[in-house]
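This report concerns one helix and its surroundings. Please consult the sequence and the structure shown here while reading.

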Amino acid sequence: MSGTDAAGDALPTDAPAHMDAPGDALATDTVAGTAGTSAPRKGGRFRFPTAILLTCAALGVAGGLLLAPANWISTILFPGLPFVSVALAGLWLLPSVIALRLLRRPLVGLLVGLLAGLVIVPFSGYGFGSVATNLWWAAFTELPFLFVLWRYWGTWMHYVGAVVVGIVYPILAWASFNLGDMTVGVRIAFFAITMASCLAGTALGILIADRLRRAGVGGRRRP
């Protein structure tokens, strides 16, 4: 982003955005063979079947196509209308929220964020800095699930990530938006707009993922 990426030098951005038990990744299941022998079958939460990778690729491309114009809109609005610019912040959470809600697998949020960043590299004007931006925002969608080792996928946990980034981003963007020179009321409004945008982007991502799930995309839900 530009306006939304305008967290200054403090942000690693381009300008200034089910599972089985943990041991299953290393466990080996034994499957009885027809001759009375058994063959090992490895499985775990960090495996990425081809179908999952293709879904992540599709979400990454779609996210990149969405964020490319959003980045330029944010860039154009930032100098004169920074508050309008930051209102787009939630869009940077959208692709990763969809991936996590739909697939319920570890690290798919970061993977989709990475792919979306790569898609917009030629169009953003910031080169590979756009990848760092997307990974930064995607990390907050993944963070709540990391703390529970991806064992629990409650809807409310998506909003935890949105709230955290809604607080962290304005703090890191303090200098870029010259918040120190603004009144207390304006600062509060800035935090409120950022928070509302992040929550709205998360809610939209959950809605889209649920609709995709009902349409048969994403396969079987994991507990």
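The cover over the buried residues of α5 includes α1 (50–77), α3 (94–103), α4 (108–124), α6 (155–172) and α7 (184–214). This picture comes from a predicted model. Among the residues of α5 that are buried are the aromatic residues Trp136, Trp137, Phe140 and Phe145. Ser130, Thr133, Asn134, Thr141 and Glu142 of α5 are buried as well.

Helix α5 comprises 19 residues, 129–147. At 1.5 Å a residue its span should be 27 Å, and because its end C-alpha atoms are 27 Å apart, expectation and model agree. Within α5, a kink of about 35 degrees is located at Thr141, shortly before Pro144. Both Thr141 and Pro144 belong to the buried residues of the helix. After α5 comes Leu149, which has a positive phi near 55 degrees.

On the other side of the sequence, the loop between α4 and α5 contains Gly125. The C-alpha atom of Gly125 lies 8.7 Å from that of Trp72, although 53 residues separate the two along the chain.

Two residues illustrate the accessibility classes.

| Residue | Relative accessible area | Class |
|---|---|---|
| Gly125 | 62% | exposed |
| Leu143 | 30% | partly exposed |

Leu143 is part of helix α5. Together with Leu146, Phe147, Tyr152, Trp156, Val160 and Val164, Leu143 makes a nonpolar surface patch of about 660 Å². Helices α5 and α6 each contribute at least two residues to this patch. Helix α6 also takes part in covering the buried residues of α5.

Terms used: Residues are numbered from 1 along each chain as its sequence is written. This is a predicted model: local features need pLDDT of at least 70, side-chain atom pairs count only at pLDDT 80 or more; totals for chains, interfaces and linings use all residues. Side-chain values use heavy atoms; hydrogens and water are left out. Helices (H or I, at least four residues) and strands (E, at least two) are DSSP runs, numbered from the N terminus. The expected span of a helix is 1.5 Å times one less than its number of residues. The bend at a residue is the angle between axes fitted to the seven residues ending there and the seven starting there. Buried means under 20% relative accessible area, exposed over 50%, partly exposed in between (1.4 Å probe, protein chains only). Contact means heavy atoms within 4.5 Å. Patches are made of residues with over 30% relative accessible area and no salt bridge: like charges are joined within 9 Å, nonpolar side chains (Val, Leu, Ile, Met, Phe, Trp, Tyr) within 5 Å. Accessible areas come from the Shrake-Rupley method with a 1.4 Å probe; for residues, only the protein chains shown count as cover. A salt bridge is a side-chain nitrogen of Lys or Arg within 4 Å of a carboxyl oxygen of Asp or Glu.
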